[in-house]
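User: Please take a close look at the empty space enclosed in this predicted model, and at what surrounds that space. I would like one connected account, set against the interface between the chains.

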Protein chains: 2
Amino acid sequence: MQNPHPPIALRPKTGEGMTPISFQTDPSRYRHWRLDTEGAIATLTLDVDPSGSLFPGAELKLNSYDLGVDIELADAVQRLRFEHPEVRTVVIRSGKDNVFCAGANITALAKATHQHKVNFCKFTNETRLAIEDASENSRQRYLAAIGGPAAGGGYELAAACDWIMLVDDRRSSVSLPELPLLAVLPGTGGLTRLTDKRKVRRDRADLFCATEEGARGRRAVEWRLVDECVPPSSWDDKVKERALALAATSDRPSDAHGIALPPVDTAPHLRLDLDRERRQATITVLGPTELPLDLAGIHRAGAGFWPLAMARALDDALVHLRFNEPGLGIVVFKSAGDPARVLAADALLEAHRDDWLVREIRLMLKRTFKRVDMMARSLFALIEPGSCFAGSLAELAFAADRSFIHVGTRAGDNRPEATLALSTLNFGAYPMGNGLTRLATRFLGEPDSLAAAEEATGEPLSADDAEALGLVTAAYDEVDWDEEIRLMIEERASFSPDALTGLEANLRFPGPETMETRIFGRLTAWQNWIFQRPNAAGPKGALKLYGTGTRPKFDPERT
Amino acid sequence: MQNPHPPIALRPKTGEGMTPISFQTDPSRYRHWRLDTEGAIATLTLDVDPSGSLFPGAELKLNSYDLGVDIELADAVQRLRFEHPEVRTVVIRSGKDNVFCAGANITALAKATHQHKVNFCKFTNETRLAIEDASENSRQRYLAAIGGPAAGGGYELAAACDWIMLVDDRRSSVSLPELPLLAVLPGTGGLTRLTDKRKVRRDRADLFCATEEGARGRRAVEWRLVDECVPPSSWDDKVKERALALAATSDRPSDAHGIALPPVDTAPHLRLDLDRERRQATITVLGPTELPLDLAGIHRAGAGFWPLAMARALDDALVHLRFNEPGLGIVVFKSAGDPARVLAADALLEAHRDDWLVREIRLMLKRTFKRVDMMARSLFALIEPGSCFAGSLAELAFAADRSFIHVGTRAGDNRPEATLALSTLNFGAYPMGNGLTRLATRFLGEPDSLAAAEEATGEPLSADDAEALGLVTAAYDEVDWDEEIRLMIEERASFSPDALTGLEANLRFPGPETMETRIFGRLTAWQNWIFQRPNAAGPKGALKLYGTGTRPKFDPERT
């Protein structure tokens, strides 16, 4: 397991023996953001330390960012939800006079491996979706207050906010210059938010994306690229006014006390075992050992309340595997504990769902399970004797590409027989990116099976029952279990990692598409392709030559 | 312009001086398919000539196919609609004893350039979508009668049919072995149709796609991979029975006479000008010079009726550009003729929309405009004096990434001022892949603009009116026109072709997703990425080493 608290500025080299990237931070250690709150309004100020890149040699000029900057943003977005129930509007602004944000740092991007590039985009996308989730579901609104240029990822960050304000002067602008400058796409949802969220007319979007200098002033408003344009003289007043107006649309409590989010404490909640030879990581989630009795107890427990503590540990393990262990292509989910206690935790989450903190905890679980769906690793769930895949934890089995349940006990093993159990939370609390629950997605072609599963809520289901209900891929008894699982994992490890990534990205998200699935399924897939093409990433490609003064040389053939 | 009738077996090398691939064929020249009709039932028999590959050195064993085989299939699907109004069910079967179809030929695929691979997948996808369009909208049902293995593209072809029958013997099976055998994805919609059309449970889909030998018998039915499994003894009777049952669901006329589809006659309907230095192709669509007066006249004119003749010429030019001119990254649409006559043609298409032939012509126009949307080229429409972008032809302007209209006449040019005109057909006849009309897609964020456009139906709109209604990107007068257009085209030609392809694939399809947009947007994008990765296409990749006996060597890093 990774050291939970190494300093943030580590090199993004990955694999055995390398120093891992840590995702743990807090405002006292931020190098690039400042978080201030004043009543219902928080301000997140981006003021990137140019010398603070994860990539030695990259200088984070003009508020450009790399993963390290975004890890702090993700942390701040998370803390605002849990530590600041009173905050109803978050204003994102720049701490520098001359620029809002220049987007992802190109030198850092050019130095990164293909897998780091792709995972960096995925992480930043998840953070921007978390901002939109905070607005929609936690009612914590986001306001982008843009002074100076907001280019590329800088504008994409603004596009994740509810409202974009732009100073009406000659130097403040929004732009997506990736195509003309870098021969890649805006990679953080920019294209999808242009067309689907802001509904910019497509020929205008085309013009905008081909124009290095972007748009400003009235045209930016007319084209719906920003929501309003404000003269410098009234800027501060107007930002305050808008922030308060957004706050008025929120239902967050003004008299509640936040809970502190201390560093993630992994050991009590999760074991991470790495088997590099088999290319396998095993995540064993440990069920609750104690639970509060009521809502007051949940608030007292705070970050120690099992569902939240478990989700934070799981989330941390997932991003660790993505960035620090790219060679481990298979993630096996196991669990250990008392299924009844997991169901008891779910019952607390359901009984107090209207409480602000419980709402946050459910949303955190939702986002963590989405992070599971987005793992570009093969996911298997093994439901063994002594496991506790019940309710919320059963989502891990439904997120897996395949799940197996052990029939009966094992010789010389006194752990109870494996069961699977459903709770109310499996039927609505944790929608996937496609907007459906994992069970509804699973049973897209079998509405009767979905209804039958719902009727079985609350009961511990035996291996045979779980299989008959279609809730697992297969059930094996002791005679077959070890051999079948071993063969499956060996087979999986023999397949092309790239083809598996593409296969899983298609099979995991059937049914409806949303802006979120479009960002990951359409935009990201095209971006990954472009990241592989010599026109962007080759020795004469635009990414490599950016800033050198040499023009890239493009192969003109279209596909 | 290409020679309209070169023999089909040409080498797929492309660019100036190379022999182009022709898409013109007819049943008398098929080398790989047989088309037989008997009353309401047609049979399409796949019997690939192993020596008939477009790629010298590739042997099309076991009914495997390359583009040449699919060009014949596309031709047959098209002819069945127009030449055989009486056909209500098309049975697809194999002419070989030991195999249904082994999918795309790997040797041919390995020899192909990246752009040919991608365009081959796109063309085969369009053909399978044309099969589904024939069933849904022309009520010509498709039945796949599988005896022997249907592997990869063979099963994907079946999945495009309404009903899949499988012989219940030990040698007949369906499979998608791309992942284990070739380290790529099923590239012809297989994954999307598994999850979204056949609604196969996702863990079963995962198992199926990882199993080289696929599924047969009862399991294939249980997993919804096929619709029924039939013992060899009752096979022929049962196929006939199913074909008749499908025919009974059709509204196609039994007493109508088809129209013949002679070779495409381009010159009267379309000019194609290639400017390789500027990387620009200009397609000038010529408006109708004569039109029939009534429905009987439409039938008499047949393939000579302007909308159909124009659509066929345009369609042929589009696929020609894709395969034979990959270096031309920009397609400019122009038109010349009398807009009133285009509107008169539209009026005929609208007045007689319930006639089977008129229905087919409208559907052919719809498919052709979709082919435009799917061009991986930058599309510009220039609405100049003397042009006829009215009604159906205005779709080309709405399909373009940008469109420009000329204000006023030009000195020394007596052609009438440019206008744009809408007809009823712009508001429903030609949905894009996303299910919306191009105008609804354009005005996704402006329902009022859509309503205003609809109110302007039928009137010739001046440049100023068209611009005010948001129907064009911009209007320029004579002073600016030439310079603005020249600069735009030069700028476009300077951008990375790959980044443009990704940008356009994102901006052209906002709003809802359908199985069709998912196939092109999600599945194809991932496949393109995989096609670039060394694990598939590198010297030690699976595609390159297939059939050599040497195992591929994979980089284990996941992205």
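Analyst: The largest cavity holds about 250 Å³ of space, and the count of cavities of 30 Å³ or more in this predicted model comes to ten. Lining the largest cavity are 22 residues, and those nearest its centre are K122(B), M374(B), A505(B), F509(B) and F520(B). Two or more lining residues come from each of several elements, namely α20 of chain A and, in chain B, α3 (114-137), α13 (356-373), α19 (497-507) and α20 (515-532). Among these elements, α20(B) gives the most to the lining, with six residues. By class, the lining of the largest cavity divides into eight nonpolar, seven polar and seven charged residues.

Since α20 of chain A also takes part in that lining, the interface between the chains deserves attention next. Here 87 residues of chain A are in contact with 88 residues of chain B, and the area buried between the two chains is about 8500 Å², with carbon and sulfur atoms giving 55% of that figure. Three arginines, R202(A), R522(A) and R558(A), supply 13% of the area that chain A buries against chain B, which is more than any other three residues supply.

The polar side of the interface can be described in similar detail. Between chain A and chain B the count is 18 salt bridges, and one of the salt-bridged pairs is R522(A) with E513(B), whose side chains meet at 3.2 Å, N to O. Polar contact across the interface is found for 53 residue pairs, both residues being at pLDDT 80 or more. Helix α20 (residues 515-532) of chain A, with twelve residues, gives the most to the side of chain A that touches chain B, and the residues of that side divide into 38 nonpolar, 22 polar and 27 charged.

An open space, the second largest pocket, makes a useful companion to the cavity, and its volume is about 1100 Å³. Of the 49 residues that line this pocket, A210(A), T211(A), E212(A), E491(B) and F495(B) are the closest to its centre. Elements supplying at least two lining residues each are α5 (178-182), α7 (202-209), α8 (217-222) and α22 (542-545) of chain A, together with β14 (402-407), β17 (474-477) and α18 (478-494) of chain B. The largest share of the pocket lining, seven residues, comes from α18(B), and by class the lining of the second largest pocket holds 24 nonpolar, nine polar and 16 charged residues.

Notes:
Residues numbered from 1 in each chain as written. Chains lettered and ligands numbered in written order. Predicted model: local features only at pLDDT ≥ 70, side-chain atom pairs only at ≥ 80, totals over all residues. Heavy atoms only, no water. Contact = heavy atoms within 4.5 Å. Buried area = accessible area lost by both parts, 1.4 Å probe. Salt bridge = Lys/Arg side-chain N within 4 Å of Asp/Glu carboxyl O. Polar contact = N/O pair within 3.5 Å; in protein donor to acceptor, adjacent residues only side chain to side chain. Helix = DSSP H or I, 4+ residues; strand = E, 2+ residues; numbered from the N terminus. Nonpolar A, V, L, I, M, F, W, Y, C, P; charged D, E, K, R; others polar. 1 Å grid on protein atoms, 1.4 Å probe; cavity = no way out; pocket = protein on both sides within 12 Å on 5 of 7 lines; lining within 4 Å. Points joined across faces, edges and corners; volume = space filled by probe spheres on them.
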